[in-house]
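Me: I am new to reading protein structures, and I would like a close look at one part of this one. Could you take me through the place where two helices pack together, slowly and with the reasons spelled out?

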Amino acid sequence: MSEFKRHNFKKLKIWQMAMELTNEAFKMTLSFPDSEKFGLTSQMNRCSISIPSNIAEGSSRTNKSLVIF
């Protein structure tokens, strides 16, 4: 099995940008009506957090897998 270097995902510009996007999405959904609390608000928050989560998960894998994530 070949060795691979783990990436520090917190130093990746794309991860930092994804976290900024996530913060903006959470701030924006605070102003949504209560009727959307379990609908659009939940969906937007979950999809925004999935972006940096996938980058972080990919960084713990091989270089080839990082590109896919």
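Reply: Happy to help; we will begin with the whole chain and then move in on the packing of two helices.

Please keep in mind that this is a predicted model. The chain has three helices and zero strands, and from the N terminus on its elements run α-α-α. There are 69 residues in the chain, and buried ones make up 19% of them. Another way to look at the fold is through its contacts. Taking those between residues at least 6 apart in sequence, 54% join residues at least 24 apart.

Now to the part you asked about. Helix α1 covers residues 13-29, while helix α2 covers residues 40-59. How do we put the packing of two helices into numbers? Two packed helices are described by the angle between their axes and the distance between the axes. For α1 and α2, the angle is about 170° and the axes are 9 Å apart. Angles over 145 degrees count as roughly antiparallel, so α1 and α2 are roughly antiparallel to each other. Their crossing is left-handed. On the α1 side, the contact is made by I14, W15, A18, M19, L21, T22, A25, F26, M28 and T29. On the α2 side, the residues are T41, M44, N45, S48, I49, I51, P52, I55 and A56. Sorted by class, this contact has 14 nonpolar, five polar and no charged residues.

Let us pick out a few of these residues, beginning with T29. This residue lies in helix α1. Is T29 buried or exposed? Its relative accessible area is 5%, and buried means under 20%, so T29 is buried. Leaving aside neighbours within four places in sequence, T29 is in contact with T41, M44 and N45. Those three partners are also on the α2 list for the helix contact.

Next, follow one of those partners, N45, across to helix α2, where it lies. N45 is buried as well, because its relative accessible area is 15%, under the 20% cut-off. Which residues does N45 touch, once its neighbours within four places in sequence are left aside? They are A25, F26 and T29, and these belong to the α1 list of the helix contact. N45 can also be placed relative to E24: the two are 21 residues apart along the chain, and their C-alpha atoms are separated by 9.8 Å.

What about the stretch that joins the two helices? S31 is found in the loop between α1 and α2. With a relative accessible area of 61%, and with exposed meaning over 50%, S31 is exposed. S31 and T41 are ten residues apart in sequence, and their C-alpha atoms are 9.5 Å apart in space. Beyond the loop, L40 lies in helix α2. L40 is partly exposed, with a relative accessible area of 38%. Its C-alpha atom is 8.5 Å from that of T29, although the two residues are eleven apart in sequence.

Further along helix α2 you come to N54. N54 has a relative accessible area of 34%, so it is partly exposed. N54 and W15 are 39 residues apart in sequence, yet 9.4 Å apart in space from C-alpha to C-alpha.

W15 is a good place to finish. This residue is one of the α1 members of the helix contact, and at 15% relative accessibility W15 counts as buried. W15 also takes part in an aromatic pair, and the structure holds one such pair. A pair of aromatic rings is described by the distance of the centres and the angle of the planes. In this case the partner is F9, with 5.3 Å centre to centre and 70° between the planes. Planes over 60 degrees apart count as edge-to-face, and that is how F9 and W15 are arranged. F9 itself is partly exposed, with a relative accessible area of 22%.

Definitions and conventions. Residues numbered from 1 in each chain as written. Predicted model: local features only at pLDDT ≥ 70, side-chain atom pairs only at ≥ 80, totals over all residues. Heavy atoms only, no water. Helix = DSSP H or I, 4+ residues; strand = E, 2+ residues; numbered from the N terminus. Buried < 20%, exposed > 50% of the residue type's maximum accessible area, 1.4 Å probe, protein only. Contact = heavy atoms within 4.5 Å. Axes fitted to C-alpha atoms, helices over the stretch in contact; angles between N-to-C directions. Parallel < 35°, antiparallel > 145°, perpendicular 65-115°, else oblique. Left-handed = near helix turned anticlockwise from the far one by under 90°. Nonpolar A, V, L, I, M, F, W, Y, C, P; charged D, E, K, R; others polar. Phe/Tyr/Trp six-rings, centres within 6.5 Å; stacked < 30°, edge-to-face > 60°.
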